[in-house]
Amino acid sequence: MRETWTFHSAGQIIFGCNAALQLGEVAKQLNAKRVFVITDSILVKARLVDRIRGPLAESGAALDVFDGGEAEPSLRAAEACISRGRRFQPDAVLGLGGGSNMDLAKITATVLAHGGAPKDYVGEFKIPGPIRPLICLPTTAGTGSEVSAASVFTDTDNQIKVGILSNYLRPRVAVVDPLLTVSCPPKVTADSGIDALTHAIEAYTAVDNADFPIPPGEKTLYQGRHPLADALATRAISLIGANLRRAVKNGNDLEAREGMALAAMLAGLAFSNVGVAAVHALEYPVGGATHCSHGAGNGLLLPFVMRFNLPARRAEFAAIARLLGEDVTGLDDQAAAERAIHAVEQLRADIGIPLRLRDLGVRQEQVRLYAEKAITIKRIMRVNPRPVTVENLEGILNAAF
Ligand SMILES: NC(=O)c1ccc[n+]([C@@H]2O[C@H](COP(=O)([O-])OP(=O)(O)OC[C@H]3O[C@@H](n4cnc5c(N)ncnc54)[C@H](O)[C@@H]3O)[C@@H](O)[C@H]2O)c1
Ligand SMILES: [Fe+2]
């Protein structure tokens with residue numbers, strides 16, 4: 001079978017140090033007279049909200065700032081933001097923050113346009129049309145939500161992360177200003193950075209587009225691996241290899257911050273078209289139950305899933321080893337591929353990602369339940385390069401325990 005794929009992105013991407021100064025122009029271009037800014041109290045204290053007030057004021061737009069965002073937001077937390085938005089009646093929504101606030105902005109722009117409640121949109125293709133014009137400014141280098149089609153929440157009733165997927169969720173404008181990430185503390189830099197690495201590795205080693213197993217009559221946003229996404233993902237991997245340790249060690253290293261902001265966005269473009277795979281499927285129940293950050297959960301699980309997938313993706317893993325700076329001269333494919341796992345383990349240890357599930361408070365008897373929850377997330381599981389059974393997932397989790 002031959003491949004057929006499409007590629008989606010944010011409507012416009014503005015990238016670079018001081019890109020946030022262009023926000024006034026962006027608001028004018030969207031004809032936005034009332035901008036609803038969605039952020040959190042930590043970013044108010046870090047004076048990031050102040051940084052966007054001036055440029056937005058130039059456009060003459062009225063602002064309302066919701067600063068009640070929280071890390072790994074629950075569906076319930078989204079309701080508070082939405083009711084504030086209903087009162088303000090914005091003509092544009094702006095998400096300022098990490099993935100958590102940007103995802104909150106996405107669901108708010110959705111509900112303001114189409115009504116209902118956040119839970120009505122959980123799943124794929126549930127959003128019936130364009131949402132309120134959305135501008136996203138990432139303040140972490142990680143999720144790629146500024147360009148992605150996803151919005152992720154914690155379902156506190158069922159202790160699992162849930163996703164809303166729709167190309168309508170891609171922001172109209174992504175303003176990626178690496179200077180906004182400088183105040184990220186080392187743990188946030190590390191966790192979000194390894195999430196970006198997970199996106200890039202899962203996209204680059206995903207099932208091929210030509211073999212993508214979509215049952216007849218089913219539609220899905222993820223399409224499997226294709227050459228455009230490979231180009232983006234491989235560049236992201238090498239940028240992360242060169243810059244993540246530096247950014248964690250010295251938050252003021254602007255070159256490293258710029259490299260990571262670019263990497264996270266490129267990885268976001270790759271995974272949001274190709275898909276993410278078993279690492280993300282397993283992180284959904286682990287993160288939902290332990291409340292670890294999404295990045296920490298992914299970083300912990302990544303080498304264990306890579307070890308499982310290696311037989312299906314030897315050449316790609318060998319390439320990843322090289323992209324992460326490993327010397328693989330003289331090694332055969334198997335040995336070179338193993339160097340990729342080694343490089344990820346080393347990076348994980350160097351930046352302080354937890355190494356074992358038990359470090360997150362997981363108990364061994366919970367492992368089977370997590371595997372059973374993860375296997376049901378079909379839209380993600382089918383992206384994995386090696387077909388996976390619930391026993392396989394249990395094996396991966398036991399290895400990570
Ligand atoms: N939509 C997507 O495509 C997508 C992809 C991957 C992950 N996610 C989701 O995104 C969330 C994680 O996002 P994240 O990793 O960006 O972290 P985050 O948004 O949860 O932020 C983590 C903490 O860092 C703080 N912070 C953020 N930027 C800062 C800065 N510049 N200075 C100081 N503090 C700062 C925040 O206030 C927060 O307390 C999870 O809910 C995850 O499931 C979404
Ligand atoms: Fe992720």
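1. Let's start with Gly-123: its bridge partner in S8 is Ile-164. This comes from a predicted model, so please read each point below as a description of that prediction. Strand S5 is joined to strand S8 (residues 160-165) by two bridges, and the two strands run parallel.

2. Stepping back to the sheet around that pair, you will find three strands in the order S5-S8-S7, forming an open sheet with mixed pairing. The edges are taken by S5 (123-124) and S7 (150-155); each has a single partner strand, so one side of each has no neighbour in the sheet. Helix H5 (residues 99-114) packs on this sheet and touches S7 and S8. The direction of H5 makes about 100 degrees with that of S7.

3. Now to the metal, which may be what you look for on the screen. The iron ion (ligand 2) has as its protein donors Asp-195 (OD), His-199 (NE2), His-280 (NE2) and His-294 (NE2), at 2.1 to 2.2 Å. Along the sequence, these donor residues follow the spacing D-x3-H-x80-H-x13-H. The arrangement counts as irregular because the angles subtended by the four donor atoms run from 84 to 167 degrees.

4. Two of those donors share a helix. Asp-195 and His-199 sit in helix H6 (residues 186-204), four residues apart, or about one turn of the helix. Both residues are buried.

5. Helix H6 residues 186-204 also bring us to the core, through Leu-197. The largest nonpolar core contains 121 residues, and Leu-197, Leu-357 and Leu-397 are those with the most contacts inside it. Helix H8 (residues 254-274) supplies the largest share of this core, with 12 residues. If you set aside neighbours within four places in sequence, Leu-197 is in contact with Ile-237, Ile-240, Leu-302, Leu-324, Val-344 and Leu-347.

6. There is a second core, separate from that one, with 25 residues. Among its members are Ala-20, Leu-30, Val-37 and Val-49.

7. Finally, a look at Val-65, which belongs to strand S3 (residues 62-66). Is Val-65 buried or exposed? Its relative accessible area is 17%, and buried means under 20%, so Val-65 is buried. Beyond neighbours within four places in sequence, Val-65 is in contact with Val-37, Thr-39, Val-49, Arg-53 and Arg-84; Val-37 and Val-49 are also part of the second core. Val-65 and Phe-88 are 23 residues apart in sequence, with their C-alpha atoms 10.0 Å apart in space.

Definitions and conventions: Residues numbered from 1 in each chain as written. Chains lettered and ligands numbered in written order. Predicted model: local features only at pLDDT ≥ 70, side-chain atom pairs only at ≥ 80, totals over all residues. Heavy atoms only, no water. Core = buried A, V, L, I, M, F, W, Y, C linked by side-chain atoms within 4.5 Å. Buried < 20%, exposed > 50% of the residue type's maximum accessible area, 1.4 Å probe, protein only. Contact = heavy atoms within 4.5 Å. Donors = N, O, S within 2.8 Å, 3.2 Å for Na, K, Ca; no water. Tetrahedral: all angles 85-135°; square planar, octahedral: opposite > 155°, others 65-115°. Pairing = 2+ DSSP bridges. Axes fitted to C-alpha atoms, helices over the stretch in contact; angles between N-to-C directions.
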